[in-house]
Every structure is written in structure tokens, then in C-alpha cells.
Amino acid sequence: MTHPAVIKTAQLVLAGDLQGAEKALAHIAETEGDMALVALLDDVAPKDLLAIMREFDGSRESIVNMVVTPEQFAQAAVLEKRYGEKGHDRLRGMMNAVLYRDESLAYDYLEVLSEKEGGVELLVDYFSDRIDEIL
């Protein structure tokens, strides 16, 4: 059985109310705790998770970006790479919000991305404007 918050989130995303969808998920964290939200995110469709995550970046924090697991994040990020805008500005913003929130966890997210189909291409795009830093 699907949790009512997952159904509500999907409906709000479909209606274009991404902030409302994020608030519905944030309510779970407030009432049941962060771990309940993490578990619930497994039931949120990757496309819906992506829609919410891409609306928030380092300048506008989201509880979803703060608790998303590496696997959940990788699924959403690969979708953004495949179907998102050509300039990848939203992809970079979304990735920055997750990767820079806790530098000690960044490796875990990058590792899962690198193992996912399409993940290496995503990382190439993400790091393409940071070649000097990498070298």
C-alpha cells in the first residue's frame, strides 16, 4: 500500500505545485522524523523526486535534498541528465545542493553515480567546467 504522502506528492508534482510537494514530504520529517522520510522517498517515483529536487539548490534548501540517499539521488540525477535542459544549470544546482551539504558524504554520492548507467556521462558534464580544479 502506498503512503498517502507519496500519493499527495505525486498529485502535487503533476499539478505543478513543486513547493507543495516538498512541503508534503517535509511534513513527514516533522511528524515522523528524518528516517521515516528517507524510507518514504524509496516509494516516490524518481521523476517526482527529480521534479522536487531540481527546484531547490544551495540557495534554497530542501529537506529532500538533505536526506536523499545516494541511490535515490543517482536515479533522479540520471533522469535529469537524460531529459533535462541542455545547459545542465539545474543539474549542477541540484548536485551542488547535495554534494556540498556534507563533504564527508560526497564520495558516497559520486561513487553511486559512477556505477549507474549514464552516471559517468553525467559526471563528465558536471565536472566539464572544473577541469583546472581537477588537474
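Between which two helices is the loop that holds Gly 118 found? In this predicted model, select Gly 118 to begin: the residue is found in the loop between helix 8 (103-115) and helix 9 (119-127). Gly 118 is partly exposed, and its relative accessible area is 22%. Add Ala 77 to the selection; the two residues are 41 residues apart along the chain, yet their C-alpha atoms are separated by 9.5 Å.

**Helix 9**

Next, select helix 9 and display its side chains. The buried residues here are Gly 119, Leu 122, Leu 123, Asp 125 and Tyr 126. These residues lie on the same side of helix 9, since the arc they cover around the axis is only 160 degrees. To see what they pack against, show helix 6, helix 7 (89-99) and helix 8 as well.

**Helix 8 and the loop before it**

Within helix 8, select Tyr 107. Is this residue buried or exposed? Tyr 107 is exposed, with a relative accessible area of 56%. Pro 70 is a useful second selection: the C-alpha atoms of Tyr 107 and Pro 70 are 9.6 Å apart, although their positions lie 37 residues apart in sequence when counted as a separation.

Move then to Arg 101, in the loop between helix 7 and helix 8. Arg 101 counts as partly exposed, at 28% relative accessibility. Leaving out residues up to four places away in sequence, Arg 101 touches Asn 65, Met 66, Val 68, Asn 96 and Tyr 109. For one of these, Asn 65, the C-alpha distance to Arg 101 is 8.8 Å, and the two are 36 residues apart along the chain.

**Helix 7**

Select Ala 97, which is found in helix 7. Ala 97 is buried, with a relative accessible area of 13%. A distance drawn from the C-alpha atom of Ala 97 to that of Arg 60 gives 8.7 Å, for residues 37 apart along the chain.

**The nonpolar core**

Now turn to the interior. The largest nonpolar core has 44 residues, and those with the most contacts inside it are Met 53, Phe 73, Met 95 and Leu 113. Colour helix 2 (residues 18-32) as well, as this helix gives the most to the core, with seven residues.

Centre the view on Phe 73. Which residues is Phe 73 in contact with, leaving aside its neighbours within four places in sequence? They are Met 53, Val 68, Met 94, Met 95, Val 98, Tyr 109 and Leu 113.

**Helix 4 against helix 6**

Select helix 4 (residues 46-53) together with helix 6 (residues 70-83). Their axes are 9 Å apart and the helices pack at an angle of about 80 degrees; helix 4 and helix 6 are therefore roughly perpendicular to each other. On the side of helix 4, the contact is made by Pro 46, Lys 47, Leu 49, Leu 50 and Met 53. Helix 6 contributes Gln 72, Phe 73, Gln 75, Ala 76, Leu 79 and Glu 80. The residues of this contact divide into seven nonpolar, two polar and two charged.

**Helix 1**

End the tour at Thr 9, found in helix 1 (residues 4-15). Thr 9 is buried, with a relative accessible area of 1%. Beyond its neighbours within four places in sequence, Thr 9 is in contact with Ala 21, Ala 24, Leu 25 and Ile 52.

How values were computed. Residues are numbered from 1 along each chain as its sequence is written. This is a predicted model: local features need pLDDT of at least 70, side-chain atom pairs count only at pLDDT 80 or more; totals for chains, interfaces and linings use all residues. Side-chain values use heavy atoms; hydrogens and water are left out. A nonpolar core is a set of buried Ala, Val, Leu, Ile, Met, Phe, Trp, Tyr and Cys residues joined through side-chain atoms within 4.5 Å. Buried means under 20% relative accessible area, exposed over 50%, partly exposed in between (1.4 Å probe, protein chains only). Helices (H or I, at least four residues) and strands (E, at least two) are DSSP runs, numbered from the N terminus. Contact means heavy atoms within 4.5 Å. Axes are lines fitted to C-alpha atoms, for helices over the stretch in contact, and angles run from 0 to 180 degrees between N-to-C directions. Angles under 35 degrees count as roughly parallel, over 145 as roughly antiparallel, 65 to 115 as roughly perpendicular and the rest as oblique. Ala, Val, Leu, Ile, Met, Phe, Trp, Tyr, Cys and Pro count as nonpolar, Asp, Glu, Lys and Arg as charged, and the others, Gly among them, as polar. The arc is that of the directions from the helix axis to the C-beta atoms.
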